[in-house]
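Trainee: I would like to take a close look at one part of this model, the aromatic rings and the nonpolar core around them. Could you lead me through that part and then through the spaces that lie in the protein?

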Amino acid sequence: MFDAVCKLCTGWSRFLIRHDVLEKFKLCSVQSPQGQAILKSLGMPTDHFDTMLLIEGHQVYERSDALLRIMQQLPFPFSVLAAGRIIPKAWRDWAYDQVASRRYTLFGQHAQCMAPTLQIRKRFLDHAI
């Protein structure tokens with residue numbers, strides 16, 4: 001799950017689409033009806049978004065855990081970055097929060113949510129066939 005008006009987050013989504021060659025991941029914007037329903041079901045805020053979420057079965061990963069879990073499942077050389085787990089979680093999440101809280105200032109915002117092209121539409125929960 002990602003913030004679709006955040007330029008950093010949409011860049012991350014494009015990175016995943018390009019490098020997730022086995023198509024393990026389905027994307028969902030937090031602004032979409034599906035995203036809002038998922039956030040509500042998890043008891044998370046639906047009006048401000050400060051973390052990336054990865055949902056695998058009944059397990060929910062957020063912040064640096066989500067990032068590293070995703071990197072672990074991407075092909076080499078990206079999977080090597082999952083070694084970042086050796087850094088204490090408190091430090092990783094602090095660094096994650098520093099970027100997340102400033103992402104609009106640092107990277108900007110889109111005026112509206114990204115609309116997936118027909119070629120990548122199947123990669124989104126909102127448009128899954």
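Mentor: Of the 129 residues of this protein, 37% count as buried, and please keep in mind throughout that the model is predicted. The protein holds four helices and two strands, and their order from the N terminus on is α-α-β-β-α-α.

Let us begin with the rings. A search of the whole structure finds two aromatic pairs. In one of them, the rings of Trp-12 and Phe-15 have their centres 5.5 Å apart and their planes at 20°, and because planes under 30 degrees apart count as stacked, this pair is stacked. Both Trp-12 and Phe-15 belong to helix α1, which covers residues 7-19, and they stand three residues apart, about one turn of the helix. Are these two residues buried or exposed? Trp-12 has a relative accessible area of 17% and is therefore buried, since buried means under 20%. Phe-15, also at 17% relative accessibility, counts as buried by that cut-off.

Phe-15 has a second partner as well, for its ring and the ring of Phe-78 have centres 5.0 Å apart. The planes of Phe-15 and Phe-78 meet at 90°, and because angles over 60 degrees count as edge-to-face, the pair is edge-to-face. Phe-15 lies in helix α1, whereas Phe-78 lies in the loop between α3 (63-73) and α4 (89-107), so this pair ties together parts that are 63 residues apart in sequence. Through these ring pairs, Trp-12, Phe-15 and Phe-78 are linked into a cluster.

From the rings we can move to the nonpolar core. The largest nonpolar core has 19 residues, and those that touch the most other members are Trp-12, Leu-16, Ile-70 and Leu-74. Helices α1, α3 and α4 each supply at least two residues of this core, and the largest share, five residues, comes from α1. Trp-12 therefore appears twice in our picture, as a buried residue and as one of the core members with the most contacts to other members. As a general point, nonpolar side chains in soluble globular proteins tend to be buried together.

Helix α4 deserves a look of its own. Asp-97 has its place in helix α4, and with a relative accessible area of 27% this residue is partly exposed, because the value falls between the cut-offs of 20% and 50%. The C-alpha atoms of Asp-97 and Thr-51 are separated by 8.0 Å, although the two residues are 46 residues apart along the chain. Elsewhere, the charged end of Arg-103 sits over the ring of Tyr-104, at 4.6 Å from the centre of that ring.

Thr-51 leads us on to the spaces in the protein, since it is one of the residues that line the largest cavity. The search of the whole structure finds one cavity of 30 Å³ or more, and about 70 Å³ of space lies in the largest cavity. Its lining consists of Val-30, Leu-39, Met-44, Pro-45, His-48, Phe-49, Asp-50, Thr-51 and Leu-53, which divide into six nonpolar, two polar and one charged.

Now consider the pockets, of which the largest contains about 340 Å³ of space. It is lined by 16 residues, and the closest to its centre are Leu-8, Cys-9, Met-52, Tyr-96 and Val-99. Helices α1 and α4 each supply at least two residues of this lining, and α4 gives the most, with five residues. By type, the lining of the largest pocket divides into 12 nonpolar, one polar and three charged residues.

The second largest pocket has a volume of about 250 Å³. Of the 18 residues that line it, Met-1, Lys-26, Leu-53, Leu-54 and Ile-55 lie nearest its centre. The elements that give two or more residues to this lining are α1 and β1 (53-56), and the largest share, four residues, comes from β1. Here the lining residues divide into 14 nonpolar, one polar and three charged.

To gather the threads, helix α1 gives the largest share of the largest nonpolar core, holds the stacked pair of Trp-12 and Phe-15, and supplies at least two residues to the lining of the largest pocket and two or more to that of the second largest pocket.

Note on methods
Residues numbered from 1 in each chain as written. Predicted model: local features only at pLDDT ≥ 70, side-chain atom pairs only at ≥ 80, totals over all residues. Heavy atoms only, no water. Phe/Tyr/Trp six-rings, centres within 6.5 Å; stacked < 30°, edge-to-face > 60°. Buried < 20%, exposed > 50% of the residue type's maximum accessible area, 1.4 Å probe, protein only. Lys NZ or Arg CZ within 6 Å of the ring centre and 35° of its normal. 1 Å grid on protein atoms, 1.4 Å probe; cavity = no way out; pocket = protein on both sides within 12 Å on 5 of 7 lines; lining within 4 Å. Points joined across faces, edges and corners; volume = space filled by probe spheres on them. Nonpolar A, V, L, I, M, F, W, Y, C, P; charged D, E, K, R; others polar. Core = buried A, V, L, I, M, F, W, Y, C linked by side-chain atoms within 4.5 Å.
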